Amino acid sequence: MRKTSITPSRFRGGFSISEVIVSMALIIMLSVAGFAACYIGLSMQQSADRSVEIWSISDAISDAFGLALDDSGGVSDDESKKADFVLAFNKRIAFAVDCWAPDVKSFTGSYALDGGEWTVDVVTEGKTDYVAVPDGNGGFVTEERIVASSGLSLTYSGVHNGSASFIFVYRYFTPDIEVRTTVNVRTGNYYLDVEGYSSGKKQATYTLREVYS
């Protein structure tokens, strides 16, 4: 009787079904791990890029504040000099963030400093979106409107402590970052506060506070 030996497939140069399945599973696991590593790396790079952009803009705003002080003759207790400083800073900050300056009409009319709160918006980029607006009958209707995606807004919070303190808040925003600048022009001291945020984050990436007297 002739003896017949059966050689396992792995010794014949082939692969069993179980080996193929295991190999495919390993390939998928490695691919997923590689994709996850690339995604994490890309997210970290984007976060770093946004932080650098925020720091750069904040530094430019700080320089704009100092230049506006030079333009207006420095810190002053005189109300007209305070207004001159803010007007100068209004132009300087717009240049710093590469945007048009909010038109405050030299603080006349509805933009006067002796009244209540007002806001000026400058839109540099917008997108079409659907928003709910009041219909006049207690309900809402949906309308297609252009919603700002990038721009610069200025809000004056009204009179504080008589005429001793004027507070202005600038908000520069893009789809990726937001930089909020608060200027408090007080008698004896001018304050600058800057906070930078990455899009969707509540924790400031960068903060800056300067006091001039």
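Let me begin with one residue, Asp-71, which is partly exposed because its relative accessible area is 47%, where partly exposed lies between buried, under 20%, and exposed, over 50%, computed with a 1.4 Å probe on protein chains only. Before going on, I should say that this is a predicted model, in which local features need a pLDDT of at least 70 and side-chain atom pairs count only at pLDDT 80 or more, while totals for chains, interfaces and linings use all residues. Residues are numbered from 1 along each chain as its sequence is written, and side-chain values use heavy atoms, with hydrogens and water left out.

On confidence, pLDDT being the predictor's confidence in each residue from 0 to 100, the chain averages 83, and 79% of the residues score at least 70. The lowest confidence in the chain is in H1, with a mean of 79, and the highest is in E5, at 95; helices (H or I, at least four residues) and strands (E, at least two) are DSSP runs numbered from the N terminus.

Returning to Asp-71, its partner in a salt bridge is Arg-92, with the closest N and O atoms 3.0 Å apart, and by salt bridge I mean a side-chain nitrogen of Lys or Arg within 4 Å of a carboxyl oxygen of Asp or Glu. This pair links distant parts of the chain, since Arg-92 is in helix H2 and Asp-71 is in helix H1, 21 residues apart. Arg-92 counts as partly exposed because its relative accessibility is 31%.

The structure holds six salt bridges, and two others deserve a moment. Arg-171 pairs with Glu-178 at 3.1 Å between the closest N and O atoms, and the side chains of Arg-180 and Glu-178 meet at 2.7 Å, N to O. Shared partners thus join Arg-171, Glu-178 and Arg-180 into one network. Is Glu-178 buried or exposed? Glu-178 counts as buried, because its relative accessibility is 16%, whereas Arg-180 is partly exposed, with a relative accessible area of 34%.

Now to helix H2, residues 79–96, whose 18 residues should span 26 Å, which agrees with the 25 Å between its end C-alpha atoms; the expected span is 1.5 Å times one less than the number of residues. Among the buried residues of H2 are Phe-85, Phe-89 and Ile-93. Just after H2, Asp-98 takes a positive phi of about 60°.

Two of those phenylalanines lead us to the core. The largest nonpolar core has 38 residues, and those with the most contacts inside it are Phe-85, Phe-89, Trp-118 and Phe-168; such a core is a set of buried Ala, Val, Leu, Ile, Met, Phe, Trp, Tyr and Cys residues joined through side-chain atoms within 4.5 Å. Elements giving two or more residues to this core include helix H1 (17–72), H2 and strand E1 (118–134). Leaving aside neighbours within four places in sequence, Trp-118 is in contact (heavy atoms within 4.5 Å) with residues including Val-104, Phe-107, Leu-154 and Phe-168.

Finally, Asn-184, in strand E4 (residues 177–186), counts as buried because its relative accessibility is 16%. Its side chain is joined to that of Ser-165 by a polar contact of 2.8 Å, a polar contact being a pair of N or O atoms within 3.5 Å, where, within protein, one must be able to donate a hydrogen and the other to accept it, and residues adjacent in sequence count only if both atoms are side-chain atoms.
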